[in-house]
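Hello,

Here is the structure I promised to pass on to you. Please have a look at it first, and then read my notes underneath.

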Amino acid sequence: MHTSVLSFRARADVALTDPTLKLAIDRTTGTAERKRAAAVAAFPQFDAARDRGKRIKDHVIEHFDHYLLEFERNAIASGAQVHWASTADEASRIVVDLCRKANAKRVTRVKSMLGEAIGLPHALDAAGIERVETDLAEHIVQLGGDRPSHIVWPSMHRTREQVSEMFKQSHRVPHREETIEAMVDSARRELRDKFLSADVSISGANFLLADTGATCTVTNEGNAELTTSPPRMHIVTAGIEKLVPSLPHAFALLRLLVRSATGADVTQYTTFHCGPKKPGDLDGPEEFHIVLVDNGRTKMLAEAGLREMLRCIRCGACMNHCVVFRQMGGHAYGGTYPGPMGAVLTPVFDGLEKTRDLPHACTLNGKCQEVCPVDIPLPTLLRGWRDRSWREGLEPAAMRFGMGIFTFVASRPRIYRLGASMAVRMLGLFGRSGWIRSMPGLGAWTAHRDFPAPEGRTFMARYASGEGQRK
Amino acid sequence: MPRVALFVTCLADAIRPSVGFAALKLLQDAGCKVEVPMQQTCCGQPAFNSGDTKDAGTLARRFIELFEPYDYVVGPSGSCVGMTRAHYPEALADDPAWAERARRLGERTFELMSFLVDVMHYKPTGVRFPATATYHDSCSGLRELGVFEQPRALLGAVGGLEMKPLEGNDVCCGFGGTFCVKYPAISNAVVSEKAAAVQRSGAQVLLGGDLGCLINMAGKLHRNGSPVRVYHAAEVLAGMADAPSISEK
Ligand code: SF4
């Protein structure tokens, strides 16, 4: 959706030289990492819960058609109107058309990564509909005119000092004290009346409950209730992988989600929506719409290598623990979703040809899978993209050629031995002091660190002349 | 006496043969009959991680044929052993008979320190290395093979060696095989943090079980002018750490 004109490498280089960004990333991911570790340690059956979560997700993925139809039936019975969108464009068109039909001048939005993925903020702006982001972090993103850089903390690329400046410039009655509370109050003053005067509210969903047709959204600010109650129309957009059979399954996953995301035991607010306002209700929307979005998901279902990605509950733990994400933040990835999960998902949405850098931007260290609450084998999936890219001929010719030569040589021990000895002699020449500070062909390494000169002859040569052998 | 094939690994062969000789000595001391199959080359990990599964499969078949005759295969690297144990079956998934052979051989293939402790119940005796040291847990060994306690148990038997904790001991050093040359700037940012953590630990020596990561960290420490010495743990355990370390000459 958002792939910018700069290459991944160029975006990464820009991010790597921004000390304020690094400070902001370190603060948020550092805290998240510590809190998650404590929450997991305090939850004695975490492994069992993780296994259960994984099985719930896999079960739904196995029986998608069944639960989708059950959900639709029950949602309609509750008075909701259900729409199906197979692409991102179709999804945002449905939402914009509904807003137009409701004659909406102003819409309020509750943070939803799916909304970002289908390009909803842009589509609303382009349709001339005033969009009010009610999540504090999304409000900051909107003020800054940029995009979310993290799926849980969209404005994590901003330090609180920067946010304070932004509020002072744009809020009608900005804070005077430099405290978080004063800043939150400033945002509240700015947003409160807009909450109440919106015509349509748009939210996402963390879970779709098949047996009742209800949707469930979690927030830490309570903005979901406030946003979705006053307007005449409420629209929920959700990816079809959000389905669960029933409430206990949603709670089983919620326990994993919250601990993995913020390290809390439970989210501050867990909001359920089931149909529009009913006779006798004090408030609620007159019309309640649910837009079920495919956008690549059934394609993932069909492909062995990507199916497991449908388990993702968007907790963000993989990126919080990723050494690459922690150096450059989310924007460098160029897609809606950053970090390890984003590097798996973005090629699904934007095509591998334009995004093949992402699956390579990973050391395959496995930490992401270790912390993933539904045990998604992210390194395996990333390597799967590399494999695909190789088979489709998208990898650079020099790489393909080099690997071919290498395999040819490594299949012929005598040539390999000769090559190794020559390489060792060559390195020895450049590293007479014991270290190589620069050498043609080794620039990517020696730009940043030294390379040790080889000890001398190769192990195989020395062993062949009898060294180390015992009778 | 088990017949063990030493899987030397490319980096130990070319850059630091003393790691190979240390592994050889430790296995002999632990009571193994050690052989070095002279036809061995590379395990194919660079090809596999680059997405070149076909070439990786070619090298995997070679490796399997060459090492199958032995009771055990042991290598001084979590990442190379992880490739053969965890990833050969994936690289050969298209060919069930070979994938099965890979799995069978994988069950008999071990990272050096886990083999010494878990299979041979070995404990070094009479080894001294008076220094303060800290330990980096390389990712493949740790997460693919569960190597964590074994090096600590072995190093605990070394006289004069005092271990200091390393902040983020299980965090990737930024090496990642070809990653470090594909994305040098990102890799550098990661290893810079690692080098800073090593220096903060106050240890004189950095130890680990994977030469790729050790060379990466040593290279950064040396560029920074740090006096920290870097060894593969096998060199210390074999009493061969009197030679110059990776980070000094
Ligand atoms: S891949 Fe796993 S860790 Fe990452 S966001 Fe999804 S559920 Fe969370």
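Below is what I found, starting with how to read the numbering.

This is a predicted model, where local features need pLDDT of at least 70 and side-chain atom pairs count only at pLDDT 80 or more, while totals for chains, interfaces and linings use all residues. Residues are numbered from 1 along each chain as its sequence is written, chains are lettered from A and ligands numbered from 1 in the order in which they are written, and side-chain values use heavy atoms, with hydrogens and water left out.

Chain A splits into domain 1 (3-298) and domain 2 (401-464), with bounds from an automatic or database domain assignment. Their C-alpha centres are 52 Å apart.

Within chain A, helix H9 (residues 160-170, a DSSP run of H or I with at least four residues, numbered from the N terminus) has Val163(A), Ser164(A), Met166(A) and Phe167(A) buried, meaning under 20% relative accessible area (1.4 Å probe, protein chains only). These buried residues fall within an arc of 165° seen down the axis of H9(A), so they line one face of the helix; the arc is taken from the directions from the helix axis to the C-beta atoms. They pack against helix H8 (136-144) and helix H10 (180-197) of chain A.

Between the chains, 71 residues of chain B are in contact (heavy atoms within 4.5 Å) with 65 residues of chain A. Phe21(B), Tyr183(B) and Arg223(B) supply 12% of the area that chain B buries against chain A, more than any other three residues; buried area is the accessible area (1.4 Å probe) that two parts lose on being put together, summed over both.

Best wishes

Methods. Buried < 20%, exposed > 50% of the residue type's maximum accessible area, 1.4 Å probe, protein only. Helix = DSSP H or I, 4+ residues; strand = E, 2+ residues; numbered from the N terminus.
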